[in-house]
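Colleague: I have some questions about the pockets and one helix. Can we go through them in turn?

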Amino acid sequence: PTRESLSLLRTQKDCLIKWSFLQKRVRLYITFNPHIMNPFSLEGKNILITGASSGIGRQCAITCSKMGARIILISRREEKLIESVKLLDNSNNLIYPIDINNFSEIEPVISDAVGKIGPINGFIHSAGLELIMPLSVTKPEHYQQLFATNVIAGFEFARILSRRKYCAGEGGSFVFIASVR
């Protein structure tokens, strides 16, 4: 190695040491300074999730709970909702075993939840059905049931949640998720 390359290596090593020190210092500062806000925190937020008894909906509930949110879990199967709520980090969560295709039940559930834990900050519509049958035997009733759950119920939740009395003052976020095997 030449004198120049040793000098360059020494400079690079010094920079790495300084950068490494800087990374540790910044990381410690962020970790221990309570005045810096975590941009991914859901602390103090209320999130309503349909389809929360299994699959993507359940995982969304778990993840949002780990980020500090109170979760309102909605699904048809009460026993599965109870299993899901046991997986959450905090204990101030609510479960509502309803069929979201009974549109008249949606607003009373939202009203009850808001009365218990406060306005809603976010909504995740993860409830969904899939239709696995040959196209030649499907009927309009099959599509109606599919769209009622996957689309219309989600829109109905969003429509009701967007009302001032249910939505948090700073607004909220709506997420619609679909998955097909």
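Colleague: Which residues lie nearest the centre of the largest pocket?

Modeller: This is a predicted model. The largest pocket has a volume of about 870 Å³. Its lining counts 30 residues. Those nearest the centre are Ser126, Ala127, Gly128, Leu129 and Glu130.

Colleague: Which element gives the most to the lining of the largest pocket?

Modeller: The elements giving two or more residues to that lining are α2 (55–66), β2 and α5. The top contribution is 4 residues, and it comes from α5.

Colleague: How many charged residues are in the lining of the second largest pocket?

Modeller: The second largest pocket has a volume of about 210 Å³. It is lined by 13 residues. By class, 6 are nonpolar and 5 polar, which leaves the charged count at 2.

Colleague: Which element provides the largest share of that second lining?

Modeller: Two elements give two or more residues there, β4 (122–125) and β5 (173–176). The largest share is 3 residues, from β4.

Colleague: Why do the buried residues of α4 lie on the same side?

Modeller: Buried here means under 20% relative accessible area. In α4 that holds for Ile106, Val109, Ile110, Ala113, Val114 and Ile117. They lie on the same side of α4 because they cover an arc of only 130° around the axis.

Colleague: Which residues are exposed on the other side of α4?

Modeller: The buried residues of α4 pack against β1 (46–50), β2 (70–75), β3 (94–97) and α5 (140–161). On the other side, the exposed residues are Gly115 and Lys116.

How values were computed
Residues numbered from 1 in each chain as written. Predicted model: local features only at pLDDT ≥ 70, side-chain atom pairs only at ≥ 80, totals over all residues. Heavy atoms only, no water. Buried < 20%, exposed > 50% of the residue type's maximum accessible area, 1.4 Å probe, protein only. Arc of directions from axis to C-beta. Contact = heavy atoms within 4.5 Å. 1 Å grid on protein atoms, 1.4 Å probe; cavity = no way out; pocket = protein on both sides within 12 Å on 5 of 7 lines; lining within 4 Å. Points joined across faces, edges and corners; volume = space filled by probe spheres on them. Nonpolar A, V, L, I, M, F, W, Y, C, P; charged D, E, K, R; others polar.
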